[in-house]
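I opened a fresh page today to look through a structure with fellow modellers in mind. Here are my notes, in the order in which I looked things up.

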Amino acid sequence: MAGKLRYSKINVRPRPDGFGAGVTGVTLSNMQPAETLADLRTALAEHGMLWFPDQPLSHGGFEALARQLGPLGVNPFVQALPDHPEIVEVRRDPDERAVVFGGGWHSDWSFLAEPPLATLLHAKVVPPSGGDTLFCDTRRAFEELSKPFRTMLANLRASHTAGGPYGSEGYFAKESGRSGMQIVTGPEADALQVHPVAPIHPSSLRRALFVSPGYTVAIEGWSKAESDALLQFLAAHMTNERFVYRHIWQPDMLVIWDNRLVLHCATGGYDGHLRMMHRIVLAGGRPS
């Protein structure tokens, strides 16, 4: 009820712990008035991720919706749709045996100098079972640490790189059996970008952990042993079940999440069935 009273243009039904919310009362294929867009941005900053059931979207409609929410970002290392360079088709064919794309905990493209603000993922084909997405509340994970530990983290920076998955010697370069997506690998993936470990979210002015187990490789100024120990601790802490929500997809469902507040992880369990999603990222800025 609180969500319904707070927002004037949309119905927002948060999960009991406040992380994630279902949104109804809006037709996303239409152009949205400024008040609705403001409500969507507020709800996203408050709940970290939003899902919208029963929202059929054409390629053009999907792009138009994303552009209303902000400038579109880039998608390195994955081939976009030929006529829609902002849309990546996240697809796994029925007979595919490669690892599930996005199957490790990560924040999308955190290795960029300016990582994406948000990701929009639209379900086109949903398998009869499996294919759920796990989401982790990195803001609550930070706030439940002790005050001295939070103070330490607020003064740390960490290096992010795409080399592990997308480098010339990365695991995508060595895999076989992938047919649904074209992934590009190369030495440029080994570049490093340094970001704060616990930046302040520009809307809420609250800190959240910005450590991406798939891409964060070192704490600036620390030894490898110290760095590895802290990163392993944070990865285990963030992905503790009390911070994790398992999202079950439906056809034509759209999910939007804030990459500054959320980690996510794709799951499998649908071999023999097609799963196809369309994804757009919104341009962001350098975390601070």
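**Entry 1: acids and bases around Arg91**

I began with Asp93, which comes out as buried at 14% relative accessibility. A reminder to myself before going on: this is a predicted model.

Next I looked up the partner of Asp93. The side chain of Asp93 meets that of Arg91 in a salt bridge, at 2.6 Å from N to O. Arg91 also meets Glu89 in a salt bridge, and there the N to O distance is 3.7 Å. I noted that this pair still qualifies because the cut-off for a salt bridge is 4 Å.

Then I checked how each of these partners sits. Glu89 has a relative accessible area of 19%, so I list Glu89 as buried. The limit for buried is under 20%. Arg91 reaches 27% relative accessibility and therefore goes down as partly exposed.

**Entry 2: salt bridges elsewhere**

How many salt bridges does the whole structure hold? My search returned 16.

I picked one out in a helix. Lys224 and Asp228 form a salt bridge whose closest N and O atoms are 2.6 Å apart. Both residues belong to helix α8, which covers residues 224-238. They are 4 residues apart, about one turn of the helix. Is Lys224 buried or exposed? At 63% relative accessibility, Lys224 counts as exposed. Asp228, with a relative accessible area of 23%, is partly exposed.

I also wrote down a network: salt bridges with shared partners join Arg15, Asp17, Arg140, Glu144 and Arg242.

**Entry 3: aromatic rings**

A note on the approach: a pair of aromatic rings is described by the distance of the centres and the angle of the planes.

I found 11 aromatic pairs in the structure. One of them is Phe77 with Tyr166, a stacked pair with 5.0 Å centre to centre and 15° between the planes. I call the pair stacked because planes under 30 degrees apart count as such.

Where do the two rings sit along the chain? Phe77 is in the loop between α3 (59-69) and β4 (88-92), while Tyr166 is in helix α6 (residues 163-166). The two are 89 residues apart, so I marked this pair as a link between distant parts of the chain, in line with the listing. Both Phe77 and Tyr166 are buried.

I then asked which other rings belong with them. Phe77 and Tyr166 are part of one aromatic cluster, together with Phe101, Trp109, Phe111, Tyr171, Phe172 and Tyr215.

**Entry 4: the sheet with β6**

I moved on to the strands. An open sheet of 3 strands runs in the order β10-β6-β12, and its pairing is antiparallel. β10 (244-247) and β12 (262-266) are at the edges; each has a single partner strand, so one side of each is left without a neighbour in the sheet. On average, neighbouring strands of this sheet are turned by 25° against each other, direction ignored.

For the details, I followed β6, residues 133-137, to β10: the two strands run antiparallel and are joined by 4 bridges. Which residue of β10 is the bridge partner of Thr133? I read off His247.

**Entry 5: the sheet with β7**

I looked up another open sheet of 3 strands, and this one has the order β8-β7-β9 with antiparallel pairing. Its edge strands are β8 (192-196) and β9 (216-219), each of which pairs on one side only. Here the average turn between neighbouring strands is 35°, direction ignored.

I counted 5 bridges between β7 (residues 157-161) and β8, again with the strands antiparallel. Opposite Ser159 I found Val194 in β8.

**Entry 6: cysteines**

My last check was for disulfides, and the structure holds 0 of them. For Cys136, the nearest cysteine sulfur is that of Cys265, 10 Å away. The search from Cys265 leads back to Cys136, and Cys265 is in no disulfide either. I reason that the pair does not qualify because a disulfide needs its sulfur atoms within 2.5 Å.

Both got an accessibility check too. Cys136 is buried at a relative accessible area of 0%, and Cys265 counts as buried at 8%.

Key. Residues numbered from 1 in each chain as written. Predicted model: local features only at pLDDT ≥ 70, side-chain atom pairs only at ≥ 80, totals over all residues. Heavy atoms only, no water. Phe/Tyr/Trp six-rings, centres within 6.5 Å; stacked < 30°, edge-to-face > 60°. Buried < 20%, exposed > 50% of the residue type's maximum accessible area, 1.4 Å probe, protein only. Pairing = 2+ DSSP bridges. Axes fitted to C-alpha atoms, helices over the stretch in contact; angles between N-to-C directions.
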